[in-house]
Every structure is written in structure tokens, then in C-alpha cells.
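Here are some exercises for you to work through with the structure open beside you. Try each task yourself, then go through the solution step by step.

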Amino acid sequence: MAKYKLLLAGSVIAIGAMVLLASNINKREAERIALGTSPSVDAKAQYKSDEWKKYYPRQYSSWQKTKESGEIHDLLKEYPQLAILWAGYGFAKDYNAPRGHYYAMQSNTNTLRTGAPVDGKTGPMPTACWTCKSTDVGRLIDEQGELEYFTGKWAKYGAEIKNSIGCATCHDNKTAELRINVPYVNRALQAAGLPTFEDSTHQVKRSLVCATCHSEYYFKKEKWTDKNGKEKVAKVVTFPWHFGLTAEGGEQYYDGVGHTDFKNKISKAPILKTQHPGYELYLTGIHGQKGVSCADCHMPYTQEGSVKYSDHQLQSPLNTMDRSCMSCHRESESKLKMIVMRKYERKTELHILAMDNLAKAHLETAKAMEMGATDDELKEARQLIRTAQWKWDYAVASHGAFFHAPEEVLRLLSVASEGAMQARIKIIGVLASKGVVSYQAPDFSDKALSQKLAGLDFDKLANAKLQFKKTLEQEWKKQAVKNTVVIDEHWKGVDRDTAYSKADNDDGQHTRK
């Protein structure tokens, strides 16, 4: 009798286990099918990433983790030469290392580069400065037209652009397929003789969605007339790819159209400010040449049960080496990290050398001007500074290029340093003709010194920004919530620190430490 009881109990346990197993298999299969059906996200709500959460919880959850990359790293403090190189331009005011996509809106609003507007028609920057920061940009272009979007001041859309880079930046709301929501990318591809986004392979698209923002660009002025017959001027984001996706090709384009980003306040040299040509440089490196996409390394596939999805945390592959690197490389993780760090050290050595030479070239030119040198006497030196600084900036502005294209980065930095030295030799000759020998450029070894040489009042800029944050920015937030552009949850968990607010006094004024 006991034997039958044991058999019965065993059978019941086995049946129960089989039922649980079947239930688990059915649940996973249902989940797999649900993920494959590409549910449609409401067209009007698609610009809020929260709306995608219920359909793509894993992707959304991993995207939220980009908030973990929130440290503010002041690059002007680390490399004080930068304020000399960019004297007279916004980057001399404030320049931090990139943070996670979660902070794109906050960083754009907080930076001193966007100024301290008091209304929608004031401030130093155009509307184009929102373009790579928010999903709302695509919405505004659809609603108002591209040229209207690119017309006016940055503050014009302070209450309209409130959702950070997210799902709608790269994905179609009906199919979840990759897409671009700004028209200038296809124009650039066509100018370069390349297939449009729609005609590209899926693997290429997995990099092109990144190229939407991680590319070199400038704001091209375009005159146009609105529907009421009013003449306006738009500043349209444009990639200089007409002569190829290279530093030399971009420089050729800019020289051809007579473009200069700014005149250096110290040397009066006409400067081209590189933005972040990460895509262009990636194409010249071994990974780009082998067809490895940006997403392969920065958004590695992750397996959870029967579900495989791309990790949307978007971070350094060194943090996810088991998924990003080891599926192709056979070396140990420690050896690969050592190789990467050696590439970085080599880049940094030439990076600092080029910056030092360029900074001294600017300051030595200023001395020559002080001694009465004419524009004709300095024209050749200033042109050498322009082309050298362009190549230096092209090599480092995208931050990760030392790994993406180490050979090209070292080449550009070497050429830049040589160009800066040639400019200095020319300037030494001009100084000698004015009776000046053995001149030494003033000390620019820290941020305060270099910003003073650049003619910047940092405290004044910071205090004006803090006043803006207490006034106009608060009005933007109230209006955005009222108009359902964004929900209150958007600001929860987002720190308010900046490179200048950590030194605030109790009265809300900034003092440099």
C-alpha cells in the first residue's frame, strides 16, 4: 500500500512540475510573440519615451540607466588651453564631457553656451541648438516645417522641447523600425553620393541613426518666405560631406562656401569649430571598415530567457565587454583594456602637445598685433592656425575617436601640431621684425587664467545663468506641463548640478572657487 502511495505522490509531483514547465514555456512564447508584433505607439504621444515603456519595458528600463552616466566633468578645467583656442566662442565659457542621453536636455539648458535669455527672442544661440537633444524636434518639424523650426532663437522653444533623446529619436512609432526624423541627414548622404537612410542596409542604419547627431555640422543660413509673405532667415543643420567624410573634405567645403565659425578674440584668426565627427572617424577605423555598427558595441544584444534585445544604456563598451567585445575578440578582457588605455595615452600625449602649440600661436599673434603687425603680415600665420586647429579639433571633438580610428586621430594630431609650429615660426619672424625676441606667452595653466586671457567674466556669466534658471526656465516647465508636452515625472531623479552651481552662495550668486 505504501508503495502505491509513493507512486501516486511522485506522479502528482511530476504532473505539477510538467504543468508549471508548460505554463512557463507558454508564457515565454506569448511574450516572444507579443514582442514580435510591434505594437503601435500613439502618433501624438510618441515623443514621450514613457509611452513606449508598456510595449518595450526592457529597452526602456535600460535607456533609463543612461542616468548612471551623470558625472559632470569640466574639460576646461582639465585642459585650460581650450579657453585660449576658443576665445570669442561659446565653448570657452563652458565645456563638459558628454553625459548619458537621459541628461541631454538638462545639459543643453544648463550650459553657459546657451546663455541667459529673458524671453523667446533673446540669447546667443539659434533654435538649431535643440536639434540633437530631444525627440520633440521631430514633432516641431512635422508641425511647423523644417525652415520655421530652424528660424529664431534657442529660447523660442523652451516650453516646447522638454523630452530628452529617446525612443522616437530612432524608432518609427508604428513599426518600431529604425528611422531618422530630421531631413538633413538624407541631404548629406546624397551630397556625399551615398545611399539615403531608407536605401541603406539594416546594419548601416544601426550606425546612421547615431550619425544623426554624432557628426560634424554647421548652421547654414537659408533665406525663405513664410506663408504670410514675411522674409526670414533659417539656420539649418548641415553636414559638410560634399567632398567626402574626412577632415580635409570638410575643410574644403567650408573654404569653398567661405564659412568661419568665429574669429578668435585673441589672435583674430578665422576659426572653424569642429562639432563631433564621431561617425566620420568611425568609418575610417577598423571596426567601421569591417562593417561593425555603432549599436554592435554600444548597444550589445542582451538575452533574458527567450527574449533577445538591444541594451539601450548606450555606454562605453568597456563596461559591457562580455557582450560587446568578447564575441569577436579572443584576447582576455584585461589585455583588451590595456590596449585601449595605451591608445588613449598616445592620443592624450599628442592632444596636449597640439593644444599647447595652438594656444601659444594665438597668444604670440596677439603680441605681434600689440607691436603693430598688420593683417597682411599675419595673414599666413592665421591661416595656418585655422587649418591646424580644425584638424586638432576634428581628431578629439568626438571623444571616442582615439579608439574608433586611432591611426587617423594620431595623423590629424601630428599634422595639427606641425601646422601650429609652422604658424609660430611665421609669427616669430614678424615679432623679430618689430624688435621683439625671446617672447614667452603668458601663463595659461589653469581655467581661471586662460578664461581671463580670453576676456571672459566667468562669474558674471554663471550668475546670469542661475538667474535664468530661477525665472524663465521655471516658466518653461510650467507651460510644458500645462500643454502636456511633458509630465512632471520627467524631472524626478535628474540632478540639478552644473559645473558652476556647486559653488553657489546662499544668496544664489556664484563665486569661483
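This is a predicted model, so keep that in mind as you go.

**Exercise 1. Sort the residues that line the second largest cavity by type, then find out which helix gives the most to that lining.**

Step 1. Start with the split: the lining has four nonpolar, two polar and two charged residues.

Step 2. Now put names to them. The lining is made of Leu245, Thr246, Ala247, Glu280, Leu281, Thr284, Tyr394 and Glu408.

Step 3. Pick out the types. Leu245, Ala247, Leu281 and Tyr394 are the nonpolar ones, Thr246 and Thr284 are polar, and Glu280 and Glu408 are charged.

Step 4. Look for the main helix. Helix α12, residues 278–284, gives the most, with three residues.

Step 5. Add the volume: this cavity comes to about 30 Å³.

**Exercise 2. How many cavities of 30 Å³ or more does the structure hold, and what lines the largest?**

Step 1. Count them: there are two.

Step 2. Take the largest, with a volume of about 70 Å³.

Step 3. Go round its wall. You'll meet Thr131, Cys132, Lys133, Ser134, Val137 and Ile165, and also Thr169, Asn181, Val182, Tyr184, Thr212 and Cys213.

Step 4. Sort them as before: six are nonpolar, five polar and one charged. The charged one is Lys133.

**Exercise 3. Find the largest nonpolar core and say which elements build it.**

Step 1. This core has 52 residues, and Leu82, Leu85, Trp86, Ile385 and Trp392 have the most contacts inside it.

Step 2. Next, the elements. Those that give two or more residues are α3 (75–78), α4 (81–85), α11 (247–257), α16 (333–370), α17 (375–396) and α19.

Step 3. Zoom in on Ile385. Leaving out residues up to four places away in sequence, Ile385 touches Ala269, Ile271, Leu358, Ala361, His362, Thr365, Ala423 and Ile427.

Step 4. Don't stop there: a second, separate core has 40 residues, among them Ala234, Val237, Leu472 and Trp476.

**Exercise 4. In which sense do β5 and β6 pair, and what happens in the turn?**

Step 1. Locate the strands: β5 covers residues 301–304 and β6 covers 307–310.

Step 2. Check the pairing, which is antiparallel over four bridges. As one example of who faces whom, Glu304 stands opposite Val307.

Step 3. Look at the link. The two strands form a hairpin with two residues between them, and Gly305 in the turn has a positive phi of about 65°.

**Exercise 5. Where are Ser438 and Thr484 found, and are they buried or exposed?**

Step 1. Ser438 is in the loop between α19 (406–433) and α20 (447–453), while Thr484 is in the segment after α22 (472–482).

Step 2. Use the cut-off: exposed means over 50% relative accessible area. Ser438 has 74%, so Ser438 is exposed. Thr484 has 52%, so Thr484 counts as exposed too.

Step 3. Check the backbone. Ser438 has a positive phi of about 60° although it isn't a glycine, and the phi of Thr484, also a residue other than glycine, is near 55°.

**Exercise 6. Place Tyr55 in the chain and work out its exposure class.**

Step 1. Tyr55 is in the loop between α1 (2–36) and α2 (57–64).

Step 2. Partly exposed lies between 20% and 50%. Tyr55 has 29% relative accessibility, so Tyr55 counts as partly exposed.

Step 3. Finish with a distance: Tyr55 and Ser40 are 15 residues apart along the chain, and their C-alpha atoms are separated by 8.8 Å.

Conventions: Residues are numbered from 1 along each chain as its sequence is written. This is a predicted model: local features need pLDDT of at least 70, side-chain atom pairs count only at pLDDT 80 or more; totals for chains, interfaces and linings use all residues. Side-chain values use heavy atoms; hydrogens and water are left out. Two strands pair if DSSP finds at least two bridges between them. Buried means under 20% relative accessible area, exposed over 50%, partly exposed in between (1.4 Å probe, protein chains only). A nonpolar core is a set of buried Ala, Val, Leu, Ile, Met, Phe, Trp, Tyr and Cys residues joined through side-chain atoms within 4.5 Å. Contact means heavy atoms within 4.5 Å. On a 1 Å grid over the protein atoms alone, a cavity is a set of points where a 1.4 Å probe fits but cannot get out, and a pocket is an open set with protein on both sides within 12 Å along at least five of seven lines; lining residues have an atom within 4 Å of a point. Grid points are joined across faces, edges and corners, and a volume is the space filled by probe spheres set on the points.
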